[in-house]
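Subject: Structure for you to look at

Hello,

Please find the structure below. My notes on its pockets, cavities and helix contacts follow.

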Amino acid sequence: MEETLTLNTLQAAVTETGHSIDIVWVLIATALVMFMQPGFAMAEAGFTRSKNTANILMKNLVDFAVGSIAFFLIGYALMFGTDIGGLIGKLPFMEDIRPDIDLSFLMFQTVFAATAATIVSGAVAERTEFKAYILFSIVTTAIVYPISGHWIWGGGWLSDLGFHDFAGSTVVHSVGAWMGLVGAAIIGPRIGKYNGKVNAIPGHNLTFAALGVFILWFGWFGFNAGSQLAANGTANTVAISHIFLTTNLSGAAGTLAALVISWIRYKRPTLSLSLNGSLAGLVAITAGCDIVSPESAIIIGLIAGTALVFGVEFIDKVLRIDDPVGAVTVHGINGALGTILVGFFAKEGGVFYGGGFSLLGVQVLGVVAVAAWALGTAFIIFKVLKVTVGLRVSARIEEEGLDIYEHGEKAYH
């Protein structure tokens with residue numbers, strides 16, 4: 001009897017320890033993803049002009065703060081509440097929270113929601129009213145992002161079809177980018193960007209931009225590997241290690257592809273495009289980092305880095321939409337591209353592995369559906385903001401800088 005009791009006690013202790021390891025891993029990954037917020041802030045500030053630095057830092061600080069509360073109060077329920085018709089989660093959610101599991105998951109998902117909102121900041125930088133941006137961030141994290149997220153991660157209709165987006169190439173990155181695309185189009189280009197020709201408006205600090213990208217790359221290991229949501233046991237540790245490797249290889253390949261293509265195309269290896277190539281590779285692998293081989297991850301990264309160079313050109317010179325940091329190409333085009341490439345490179349179900357076109361068809365459907373949702377809702381939100389609180393600062397404020405007029409202080413003295 002005593003031996004049985006001891007054995008039961010030991011088994012309970014092992015189970016509890018395993019559970020604790022899983023929770024701690026999720027919280028560590030949460031901290032890594034949260035650290036991406038200063039990465040976005042540094043990258044955006046570096047790629048834009050010094051007179052708007054305080055404004056950019058303020059946006060990245062406040063959208064994380066308001067996003068955390070909005071997602072807690074409303075967004076989490078819409079995304080992960082009891083499914084209603086495959087379209088939306090049920091409110092309220094508080095009564096369903098289990099403190100031993102759901103609070104860590106809630107925190108992990110909160111930092112993802114904040115990331116989606118932050119992507120928009122770069123696309124509309126240097127000419128947007130601060131108050132309008134904050135209102136937009138609240139609506140994004142409370143409603144827009146959670147609803148499409150429910151379709152994929154919350155048990156909604158795309159999940160039922162077998163759509164695969166492991167860590168958010170579409171759920172997070174494309175949603176933020178498509179909304180940023182609409183915002184940039186409605187707000188219009190910065191003064192002097194298009195006056196008969198396309199004029200480059202260089203950023204003021206590539207050191208900041210490079211630091212931001214390195215921080216983002218570091219945080220991406222939490223973003224992708226943390227989405228395993230467990231670390232206890234051999235299967236989980238193997239999966240996490242695999243995700244670390246594919247994530248890193250794709251980011252590296254994206255860097256090199258953008259470097260080489262820009263070198264050939266512009267006769268010099270361009271740092272700004274190479275940095276965005278790193279991010280493009282990281283965005284693209286996020287959807288399939290768990291189910292593609294390391295070799296496939298390199299190919300995905302090479303495709304993403306190449307798409308980055310031509311995508312930036314297309315948006316800037318053909319669409320003539322002013323995206324100061326290349327957010328739409330990095331997160332939108334490559335988020336969609338990476339999600340679709342899962343249909344080709346997935347080791348189970350991918351076209352190149354004899355799986356036919358079923359998975360590919362579902363991936364394309366999901367990308368199109370989420371893009372339509374993000375583009376449509378963003379159009380409504382930005383139009384409403386434009387006729388209510390206003391979207392764009394005056395020409396004088398834009399020319400002299402948002403820092404002093406919007407916040408009463410400068411980043412540099």
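The lining of the second largest pocket divides into nine nonpolar, three polar and one charged residues. The model is a predicted one, and everything in this message was computed from it. This pocket holds about 220 Å³ of space. Its lining is made of 13 residues, and those nearest the centre are Trp153, Asp165, Phe166, Ser227 and Leu229. Two elements give two or more residues to this lining, helix H4 (102-123) and helix H5. H4 gives the most, with four residues.

The largest pocket has about 820 Å³ of space. It is lined by 29 residues, and Ala200, Ser272, Leu273, Val312 and Asp316 are the closest to its centre. Helix H10 (271-285) and helix H11 (294-318) are the elements that give two or more residues to the lining. The largest share, six residues, comes from H11. By class, the lining of the largest pocket has 15 nonpolar, seven polar and seven charged residues.

Next, the cavities. How many cavities of 30 Å³ or more are there? The count comes to two. The largest cavity has a volume of about 140 Å³. It is lined by 14 residues, and the closest to its centre are Phe40, Ala43, Val325, Ala327 and His331. Helix H2 (36-46), H4, H10 and helix H12 (327-345) each give two or more residues to this lining. Its residues divide into nine nonpolar, four polar and one charged.

The second largest cavity contains about 40 Å³ of space. Its lining consists of Val120, Val124, Thr128, Ala132, Tyr133, Phe136, Phe382, Leu385 and Leu391. At least two of these residues come from H5, and at least two from helix H13 (358-387). H5 has the largest share, three residues. Eight residues of this lining are nonpolar, one is polar and none is charged.

That leaves the helix contacts. Two packed helices are described by the angle between their axes and the distance between the axes, and I give both for each pair.

H5 (residues 130-153) and H7 (residues 169-187) have axes that come within 10 Å and cross at roughly 135 degrees. At that angle H5 is therefore oblique to H7. The crossing of H5 past H7 is right-handed. On the H5 side the contact is made by Phe136, Thr140, Val144, Tyr145, Ser148, Gly149, Ile152 and Trp153, and on the H7 side by Thr170, Val171, Val172, Val175 and Met179. Nine residues of this contact are nonpolar, four are polar and none is charged. Two of the H5 residues have come up already: Phe136 also lines the second largest cavity, and Trp153 is among the residues nearest the centre of the second largest pocket.

For H9 (residues 234-266) and H10, the axes come within 7 Å and cross at roughly 140 degrees. H9 is therefore oblique to H10. Their crossing is right-handed. H9 contributes Thr246, Thr247, Ser250, Gly251, Gly254, Thr255, Ala258, Leu259, Ser262 and Tyr266 to the contact, and H10 contributes Leu273, Ser274, Gly277, Ser278, Gly281, Leu282 and Ile285. By class, the contact of H9 with H10 has six nonpolar, eleven polar and no charged residues. Leu273 of H10 is also one of the residues closest to the centre of the largest pocket.

The last pair is H10 and H12. Their axes come within 8 Å and cross at roughly 40 degrees, and H10 passes H12 in a right-handed crossing. Asn276, Leu279, Ala280, Val283 and Ala284 of H10 meet Val330, His331, Asn334, Gly335 and Gly338 of H12. This contact of H10 with H12 has five nonpolar, five polar and no charged residues. His331 in this contact also belongs to the residues closest to the centre of the largest cavity.

Regards

Key. Residues are numbered from 1 along each chain as its sequence is written. This is a predicted model: local features need pLDDT of at least 70, side-chain atom pairs count only at pLDDT 80 or more; totals for chains, interfaces and linings use all residues. Side-chain values use heavy atoms; hydrogens and water are left out. Axes are lines fitted to C-alpha atoms, for helices over the stretch in contact, and angles run from 0 to 180 degrees between N-to-C directions. Angles under 35 degrees count as roughly parallel, over 145 as roughly antiparallel, 65 to 115 as roughly perpendicular and the rest as oblique. A crossing is left-handed if the near helix is turned anticlockwise from the far one by less than a right angle, and right-handed if clockwise. Contact means heavy atoms within 4.5 Å. Ala, Val, Leu, Ile, Met, Phe, Trp, Tyr, Cys and Pro count as nonpolar, Asp, Glu, Lys and Arg as charged, and the others, Gly among them, as polar. On a 1 Å grid over the protein atoms alone, a cavity is a set of points where a 1.4 Å probe fits but cannot get out, and a pocket is an open set with protein on both sides within 12 Å along at least five of seven lines; lining residues have an atom within 4 Å of a point. Grid points are joined across faces, edges and corners, and a volume is the space filled by probe spheres set on the points.
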